[in-house]
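What follows is a walk through one molecular structure. Keep the sequence and the coordinates open while reading.

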Amino acid sequence: MKLTSKKFRQLARPYCVEDGAKFRLRDCDPGETKSKFEECADEILAASLEIIRGLQEKLYAQNRWSLLLIFQAMDAAGKDGTINHVMSGVNPQGCRVTSFKTPSTLELNHDFLWRSNLALPERGQIGIFNRSYYEEVLVVRVHQQLLQAERIPDALRGKHLWRDRFEDINACEKYLVRNGTVIRKFFLHLSKGEQKKRFLARLDDPAKNWKFSGADLKERAYWDDYQAAYEEMIQATATPHAPWYVVPADHKRYAHLIVAGALIDTLESLQLEVPKVTSEQREILAKAKKLLES
Ligand code: ATP
Ligand code: MG
């Protein structure tokens, strides 16, 4: 079964949230997949990678737009695997992944968007954030003691802190979009039951032991707080210029398909073209050819 670009687009669209006002996480089923897809997933995914490869080549050659892909999720939702998969076909020179961990002392000496600014993609490039400044309204919101380390002046730490952060994030994203950075955000939506299964698999399989961290279990205890924080984050920051995709993540390959589809949709909407050769350049090329052949 060969899927066209159009079909990939259609597959991803239902998961795209451009207006957070009516968004409810409980309306999204993390276990969603399509049996027809699962039957020939390898083939379909390979086809999607082929399309992405071609589009990225044009993005790079045209050197005008940049693409920022942001991944957020609970532990074991498959961020790494998804990034790995979707990017496996692209030219590494045009792509950079940045993983955001607990902020360093230097990072804590700056405003919360500072470290992300340093990692933004250049024109022609795809930048991937494995976690991002959205942690500032997720983990920092769930564990508010983390704010202490940020040393925001007391006078500015009013009760509107989270609302202010949403506003600042939206403004910052709008600014980037207006300057040629296309932004797409992915929340890999995993169920609590599937997380348990994946943690147990990591504990049972020696080859997967390294993936398990005690901290993951601690965070699992805050599951409901995180879900509430994710819901509010999407409600406040899903916009037409920087939408969220809420990707069902219990079936890994289906999640890969939706992210690949979103990527294809986004890159195709830019109507990318390799730069046209001017008549002057054509003359230079003809001369170069003559020289090489003589
Ligand atoms: P994996 O576990 O798959 O390797 P990961 O993204 O979970 O990947 P970890 O090193 O386990 O990586 O965790 C990074 C931690 O850093 C997460 O718990 C995350 O919440 C935390 N973190 C990221 N950004 C911030 C931030 N701005 N403030 C506080 N904690 C943050
Ligand atoms: Mg982790």
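**Ligand contacts and helix packing**

In this predicted model, the side chain of Lys-101 has an N or O atom 3.1 Å from an oxygen atom of ligand 1. A second lysine does likewise: an N or O atom in the side chain of Lys-79 is 3.0 Å from an oxygen atom of the ligand. With Arg-115 the ligand atom is a nitrogen, at 3.1 Å from an N or O atom of the arginine side chain. Ligand 1 has 13 residues around it, and those that come nearest are Lys-79, Arg-115, Arg-131, Glu-135 and Glu-136.

Lys-79 also leads to the helices, since helix H4 spans residues 79-87. The partner to look at is helix H13, residues 252-269; the two axes come within 10 Å and cross at roughly 50°. That angle makes H4 oblique to H13. The crossing is right-handed. On the H4 side the contact consists of Gly-81, Thr-82, His-85, Val-86 and Met-87, and on the H13 side of His-256, Val-259, Ala-260 and Leu-263. By class, these residues are five nonpolar, four polar and no charged.

H13 also packs with helix H3, residues 41-62, at an angle of about 30° and with the axes 10 Å apart. Angles under 35 degrees count as roughly parallel, and H3 and H13 are therefore roughly parallel to each other. H3 passes H13 in a left-handed crossing. From H3, the residues in contact are Ala-41, Asp-42, Ile-44, Leu-45, Ser-48, Ile-51, Ile-52, Leu-55 and Leu-59. They meet Arg-253, His-256, Leu-257, Ala-260, Leu-263, Ile-264, Leu-267 and Glu-268 of H13. This contact divides into 12 nonpolar, two polar and three charged residues. His-256, Ala-260 and Leu-263 appear in the contact with H4 and again in the contact with H3.

Helix H1, residues 5-12, is another partner of H13: the axes come within 8 Å and cross at roughly 115°. Here the crossing is left-handed. H1 contributes Ser-5, Phe-8, Arg-9, Leu-11 and Ala-12, while H13 contributes Leu-257, Ile-258, Gly-261, Ala-262, Ile-264, Asp-265 and Glu-268. Seven of the residues in the contact of H1 with H13 are nonpolar, two are polar and three are charged. Leu-257, Ile-264 and Glu-268 of H13 take part in this contact and also in the one with H3.

Note on methods: Residues numbered from 1 in each chain as written. Chains lettered and ligands numbered in written order. Predicted model: local features only at pLDDT ≥ 70, side-chain atom pairs only at ≥ 80, totals over all residues. Heavy atoms only, no water. Axes fitted to C-alpha atoms, helices over the stretch in contact; angles between N-to-C directions. Helix = DSSP H or I, 4+ residues; strand = E, 2+ residues; numbered from the N terminus. Parallel < 35°, antiparallel > 145°, perpendicular 65-115°, else oblique. Left-handed = near helix turned anticlockwise from the far one by under 90°. Contact = heavy atoms within 4.5 Å. Nonpolar A, V, L, I, M, F, W, Y, C, P; charged D, E, K, R; others polar. Near = heavy atom within 4 Å. Polar contact = N/O pair within 3.5 Å; in protein donor to acceptor, adjacent residues only side chain to side chain.
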